[in-house]
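Trainee: Could you take me through the charged side chains of this model, with a close look at the salt bridges? I would like to know where the partners sit and how open they are to solvent.

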Amino acid sequence: MTKGFQNHYYWKKTQKALVKLQKNHENYSFKDEDTMNDFIRDLLDESFEVKDQTRQGKSENGEKAGEIDIQICKDGLPVVMIECLILNSLVKKILDIHINKVLTLYDPNGCPYVVLLIYANVARFDYFWGKNVTIHWRI
């Protein structure tokens with residue numbers, strides 16, 4: 001996460017939206033990624049200018065434009081791109097694909113903040129998170 005972003009207003013609102021999703025897991029969680037993204041988008045839209053499935057940059061295969069899951073804008077300019085995915089286990093290749101999409105393929109203009117939002121559908125989140133940190137983030 002970009003230095004300082006964890007205390008940023010955009011991140012605080014995103015965290016609150018995720019907590020609400022988790023509280024309402026019976027209604028929303030893991031039905032499908034689009035349903036959960038819509039829930040997060042609708043909550044963020046109460047505070048920000050939000051777009052979803054915005055087409056820009058290029059897709060993974062390079063044949064079409066990429067589709068950003070959620071984008072927060074200020075004065076019409078993108079300030080946060082949120083790439084979402086559901087993981088039932090830690091698969092480094094899938095994470096790498098999504099990281100590459102949001103950091104290089106979808107962002108031709110250099111958006112200041114990027115969030116990789118993982119909907120983790122796992123029995124042991126502590127194990128999943130520890131392994132995720134060890135493999136990808138080197139914290």
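**Salt bridges and lysines**

Mentor: Happy to. Please keep in mind that this is a predicted model. To get your bearings, the protein chain has four helices and four strands, and their order from the N terminus is α-α-β-β-β-α-β-α. Of its 139 residues, 37% count as buried.

Now to the salt bridges, of which there are seven. A good place to begin is the one between the side chains of D52 and R41, with an N to O distance of 2.6 Å. This pair links distant parts of the chain, since D52 belongs to strand β1 (residues 49-56) and R41 to helix α2 (residues 33-44), eleven residues apart. D52 has a relative accessible area of 29%, so it is partly exposed. The two also belong to a wider group: D38, R41, D42 and D52 are linked in a network of salt bridges.

Strand β1 takes part in another pairing. E67 forms a salt bridge with R55, and their closest N and O atoms are 3.4 Å apart. Because E67 lies in strand β2 (residues 66-74) and R55 in strand β1, this bridge ties together parts that are twelve residues apart in sequence. Both partners are partly exposed: E67 has 34% relative accessibility, and R55 has a relative accessible area of 48%.

For a bridge within one helix, look at D96 and K92, where the closest N and O atoms are 2.9 Å apart. They are four residues apart in helix α3, so about one helical turn separates them. D96 is partly exposed at 30% relative accessibility, and K92 is partly exposed at 42%.

Helix α3 (residues 92-105) also holds K101. Is K101 buried or exposed? Its relative accessibility is 12%, and buried means under 20%, so K101 counts as buried. Leaving aside residues up to four places away in sequence, K101 touches E60, E83 and Y106.

Compare that with K16 in helix α1 (residues 9-23). K16 counts as exposed because its relative accessibility is 54%. On the surface, K16 gathers with K12, K20 and K23 in a patch of positive charge.

One more lysine is worth a look: K131, in helix α4 (residues 125-137). With 35% relative accessibility, K131 counts as partly exposed. K131 and L90 are 41 residues apart in sequence, while their C-alpha atoms are 7.6 Å apart in space.

Terms used. Residues are numbered from 1 along each chain as its sequence is written. This is a predicted model: local features need pLDDT of at least 70, side-chain atom pairs count only at pLDDT 80 or more; totals for chains, interfaces and linings use all residues. Side-chain values use heavy atoms; hydrogens and water are left out. Patches are made of residues with over 30% relative accessible area and no salt bridge: like charges are joined within 9 Å, nonpolar side chains (Val, Leu, Ile, Met, Phe, Trp, Tyr) within 5 Å. Accessible areas come from the Shrake-Rupley method with a 1.4 Å probe; for residues, only the protein chains shown count as cover. A salt bridge is a side-chain nitrogen of Lys or Arg within 4 Å of a carboxyl oxygen of Asp or Glu. Lys and Arg count as positive and Asp and Glu as negative; His and the chain ends are not counted. The place of a charge is taken as NZ of Lys, CZ of Arg, CG of Asp or CD of Glu. Helices (H or I, at least four residues) and strands (E, at least two) are DSSP runs, numbered from the N terminus. Buried means under 20% relative accessible area, exposed over 50%, partly exposed in between (1.4 Å probe, protein chains only). Contact means heavy atoms within 4.5 Å.
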